[in-house]
Amino acid sequence: GEVSYEDRAIQDWSTVRTFADRVATITTNWGYQPLLQQVWPRLTKSTSQQNVGMLLTEARVALEHAWGCHNLELPVSTLAQTEAFQRFAQQILEELPRFRTVYNAAIREYRATNGLRSVNHPAPELHPGEAPFWVRSDAARRHRATATSNVHSLRPRALTLTLFARLCLGDFFIHGIGGGKYDEVTDAIMRGFYEVEPPAYQVLSATLYLPLPGYPSGPQDGKRAQRRLRDLRWNPHRVTEANRSHDHEIARLVQELERAIAQEPAVGNRLARRDWFRGISHLKRELQGYLAKPMQMAEDRLHQVQQELQANAVLHRRDFAWVLYPEEQLRPFLQQFLAF
């Protein structure tokens, strides 16, 4: 629900500890050992960490440190308690009507430029009196902030988190493709509200597929299989591999059908066209009677290709969790970025 990560406590340590073992029953035939099997036992030896978000973060950070990456990380909840963030938030609350005007105008301009109709993209507009923050309540819930909210209880929403980071934390921001486009909105807010030229940002992406074998079918195979079945149904005279014991009868029907197709009546002659269409349909049905085997083979082939394409769509997704990759693949892929 509305419970943020900072308030998501671990409810059942037995479920946490057995997670890697339960995943192993699924990955047992993958041909390699996912990182989860290496990371999870070490992570769950102690029960000192009671927060789900921190537990998962510690797993990633520990591995990054072992591989030579020492980024400074801190929870957003900690960031929100700094004097810098609270001064940033306080200014917005004090000038909320002006901020809301600039904020909503930037969102509307983005929608118009990108042809978006959704009222939720890139973010909902601010209602009168609404501030661009969450308020963390004592009941571990969050609700929308207002001009009178206590800055000590505020947490940033998506655009205000990026806005603060780009204004106060650095002069260059690196974004993934998921949120990179939305920083066009942040640029407009900085120009309109703070009257400063935004610092640069860059959108970067790196794709690494799980090392699982895919199936041979590609998009063109799907199109060919569909076209083949369509020809069998609607253009049976183009099919040559029919029942050879009926070659003479098939040849006669093909000749009649091709002759009938060539004698198409004029568009304005509705009665003649109706009779012509019925005659062609009758000849096609007769031909299809000799094509039962090729038809079945084409249907089976289309079904097989569709299943393989669906499987490849899953196997070639780019958003699998990092713990499902083997170290020998993920480590060198990531370490190449340490040189920049």
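1. A good place to start is with one word: a residue is called buried when its relative accessible area is under 20%. By that cut-off R166 counts as buried, because its relative accessibility is 2%. Please keep in mind throughout that this is a predicted model.

2. Let us stay with R166 for a moment. R166 belongs to helix α8. Setting aside residues up to four places away in sequence, R166 touches F173, D183, T186, D187, M190, P198, P199, A200 and Y201. If you display R166 in the viewer, these are the residues to show with it.

3. Next, which residues of helix α3 are buried? In this helix, which spans residues 36–43, they are L36, Q37, V39, W40 and L43. These residues sit on the same side of α3, because the arc they cover around the axis is only 165 degrees. A general point helps here: an α-helix has 3.6 residues a turn, so residues three or four places apart point the same way. Among the elements that cover the buried residues of α3 are α1 (13–17), α2 (19–27) and α4 (52–66).

4. Now to the strands. Strand β1, residues 130–136, is mostly covered, with six of its seven residues buried. β1 is joined by four bridges to strand β2 (residues 142–146), and the two run antiparallel. In this pairing, R136 stands opposite R142 of β2. β1 also runs antiparallel to strand β3 (residues 154–156), with three bridges between them. Here V135 is the residue that faces L154 in β3.

5. Where is the largest pocket, and what lines it? The space in this pocket is about 1100 Å³. It has 34 lining residues, and those closest to its centre are L74, P75, V76, S77 and L161. Two or more lining residues come from each of α4, α5 (76–79), β1, β3 and α8 (158–169). Of these, α4 gives the largest share of the lining, six residues. For background, rolling a probe the size of a water molecule over the atoms shows where empty space is left.

6. V76 deserves a closer look, being one of the residues closest to the centre of the largest pocket. V76 is found in helix α5. Is V76 buried or partly exposed? V76 counts as partly exposed, because its relative accessibility is 35%. Beyond its neighbours within four places in sequence, V76 is in contact with P156 and L161. V76 and L161 are 85 residues apart along the chain, and 8.6 Å separates their C-alpha atoms.

7. On charged pairs, side chains of opposite charge can pair when their charged atoms come close. How many salt bridges does the structure hold? There are 22 salt bridges. One of them joins the side chains of R233 and E299, at 3.5 Å from N to O. This pair links distant parts of the chain, with R233 in helix α11 (residues 219–234) and E299 in helix α14 (residues 292–315), 66 residues apart. R233 counts as partly exposed because its relative accessibility is 38%, and E299 is partly exposed too, with a relative accessible area of 31%.

8. Another salt bridge lies within a helix. E256 pairs with R252, and their closest N and O atoms are 2.3 Å apart. Why are E256 and R252 separated by about one helical turn? The reason is that they are four residues apart in helix α12, residues 247–262. E256 counts as partly exposed at 27% relative accessibility, and R252 counts as partly exposed at 31%.

9. D319 and R317 form a salt bridge as well, with their side chains meeting at 2.6 Å, N to O. D319 is partly exposed, its relative accessible area being 48%, and R317 is partly exposed at 40%. Elsewhere, E6, D7, R136 and R155 are joined into one network by salt bridges that share partners. R136 of this network is also the residue that stands opposite R142 in β2.

10. Finally, a residue in a loop. N71 lies between α4 and α5. N71 is partly exposed, with a relative accessible area of 48%. How far is N71 from E308, taking C-alpha atoms, and what separates them along the chain? Their C-alpha atoms are 41 Å apart, and 237 residues separate them along the chain.

Terms used
Residues numbered from 1 in each chain as written. Predicted model: local features only at pLDDT ≥ 70, side-chain atom pairs only at ≥ 80, totals over all residues. Heavy atoms only, no water. Buried < 20%, exposed > 50% of the residue type's maximum accessible area, 1.4 Å probe, protein only. Arc of directions from axis to C-beta. Contact = heavy atoms within 4.5 Å. Salt bridge = Lys/Arg side-chain N within 4 Å of Asp/Glu carboxyl O. Pairing = 2+ DSSP bridges. 1 Å grid on protein atoms, 1.4 Å probe; cavity = no way out; pocket = protein on both sides within 12 Å on 5 of 7 lines; lining within 4 Å. Points joined across faces, edges and corners; volume = space filled by probe spheres on them.
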